[in-house]
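Work through the exercises below with the sequence and the structure at hand. Try each task before reading its solution.

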Number of protein chains: 2
Amino acid sequence: MTEHERPAVTVDVFALTFLENDLRVLLIQRARPPHAGHWALPGGFVEPHEPLAKAAERELFEETGLKVNRLEQLHTFGDPGRDPRGWAISIAFIALVAADAARLIGDDEEVMAIQWHPAHDLPPLAFDHVQIIDHAMQRLRERADDLAWLGQALPARFTLSELQRLYELAGGQEVDKRNFRRWAFAQGCLEKTEAMRYGDHRPAHLYRLKSVP
Amino acid sequence: MTEHERPAVTVDVFALTFLENDLRVLLIQRARPPHAGHWALPGGFVEPHEPLAKAAERELFEETGLKVNRLEQLHTFGDPGRDPRGWAISIAFIALVAADAARLIGDDEEVMAIQWHPAHDLPPLAFDHVQIIDHAMQRLRERADDLAWLGQALPARFTLSELQRLYELAGGQEVDKRNFRRWAFAQGCLEKTEAMRYGDHRPAHLYRLKSVP
DNA sequence: ACAAAAGTGTTGCCCTTACACCCATGC
DNA sequence: GCATGGGTGTAAGGGCAACACTTTTGT
């Protein structure tokens, strides 16, 4: 097995949240070449004998301070030329996270800045990360009606209007309010809380996801 | 980038067909260690700067003589210990192929035998290939009602009963004949041919998939 | 009082499901 | 002529989509 040339192997993480009424992607600004100054998905080299999901979890935490439980494998990218340093393949993961739980304090010299970027207004990206994000948004569309999964992008408590807006952005189409509410309740993963959200107008009931062990 | 230890990177192909009224998986018998004598999915090392799908296509052809156009990426496996030779990750692909188009004449000294194995009666397998097959069968269940995709496992012309049997095996549940036919036609990917299949009993009309460019 | 978001039911339609008998051929 | 798989239609029920007005708060 030693006779074969080997590629560098990395993991990249597409982390998505719902913040300020919009879908946002977690990006870091690279401090060093290649692509110094450009924005990129958090990620890095897999360590020897490290499970891939663990590597993704670790890199995400090192670079952004974000701790995530459920990473889902998305796709593996290995096209020639995707990394200017040479032959490299990357396993991409997708995670939905609550933005309020995130401090975003990285501990990595290679990172200049960390930011939740609006998913539909992205800066120029390093490597082939545009492709990775395309795949991820596609996956999001396909799984939008898995409410228990989608809801992970929301804070612990949220209004039904927020949930609906998230659902519409993820799925790529608008839906009727009453139909949505009926459908959402029927999914059986919502729990009404006593709390209300007070704001500009009529207060809204807050809901949370039923914890699924 | 040179300072990192690198894993061996391979591809494996789960090729499925519908043969003798049953789902069958293409397996090769390994001629050399590790796991000499055991059956395994076709696959092998990715060559430097080779696109992953190309590598899978090439390895499948070298080991089994099977040419396949549409390989779909399935999942990437990288758990420690999955290869006794050391750190290795594998990108698994899934392909549905018509068995009649397959000659199964490999050109590889490492392969002792090639066979379409009944998917529900598999021999002991090398590496973590049981896991890969589990994932693949899961994917099959999820996509069973994509008829244009599923139909690739059939020969160029087939009867509706064959299609239904394939559908039931893939999806894991039986369906009513009349309902299935109505639904299958409604998918819009079937074309009736003039030909009939003559056999033990009343002849059956043959259908084919509409070619999707 | 008015602007703005929260909240709430009913109806029609289509799609899905359940279900049973005749037909054409080989032996 | 009989055994075997091929082939066909209908009716009832459930789920989905369309649709508008009242309520509650902030200003």
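The exercises concern the protein surface around two DNA strands in a predicted model.

**Exercise 1.** Find which residues are closest to DNA strand D and which elements supply the surface near this strand.

*Solution.*
Step 1. DNA strand D is surrounded by 19 residues, and the closest include A:Asp200, A:Arg202 and B:Ser161.
Step 2. At least two residues each come from α5 (177-186) of chain A, α5 (177-186) of chain B and β9 (204-209) of chain B.
Step 3. The most is given by α5(B), with 4 residues.
Step 4. By residue type, this surface has 10 charged, 6 polar and 3 nonpolar residues.

**Exercise 2.** State which parts of DNA strand D are contacted by B:Ser161, B:His205 and A:Arg178.

*Solution.* A pair of N or O atoms counts as a polar contact within 3.5 Å.
Step 1. The side chain of B:Ser161 has an N or O atom 2.8 Å from a phosphate oxygen of DNA strand D.
Step 2. B:His205 uses a backbone N or O atom, 2.7 Å from a phosphate oxygen of the strand.
Step 3. For A:Arg178, a side-chain N or O atom is 3.3 Å from a base nitrogen of DNA strand D.

**Exercise 3.** Which base atoms of DNA strand C lie by the side chains of B:Arg182 and B:Arg202?

*Solution.*
Step 1. An N or O atom in the side chain of B:Arg182 is 3.3 Å from a base oxygen of DNA strand C.
Step 2. For the side chain of B:Arg202, an N or O atom is 2.9 Å from a base oxygen of DNA strand C.

Methods
Residues numbered from 1 in each chain as written. Chains lettered and ligands numbered in written order. Predicted model: local features only at pLDDT ≥ 70, side-chain atom pairs only at ≥ 80, totals over all residues. Heavy atoms only, no water. Near = heavy atom within 4 Å. Polar contact = N/O pair within 3.5 Å; in protein donor to acceptor, adjacent residues only side chain to side chain. Nonpolar A, V, L, I, M, F, W, Y, C, P; charged D, E, K, R; others polar.
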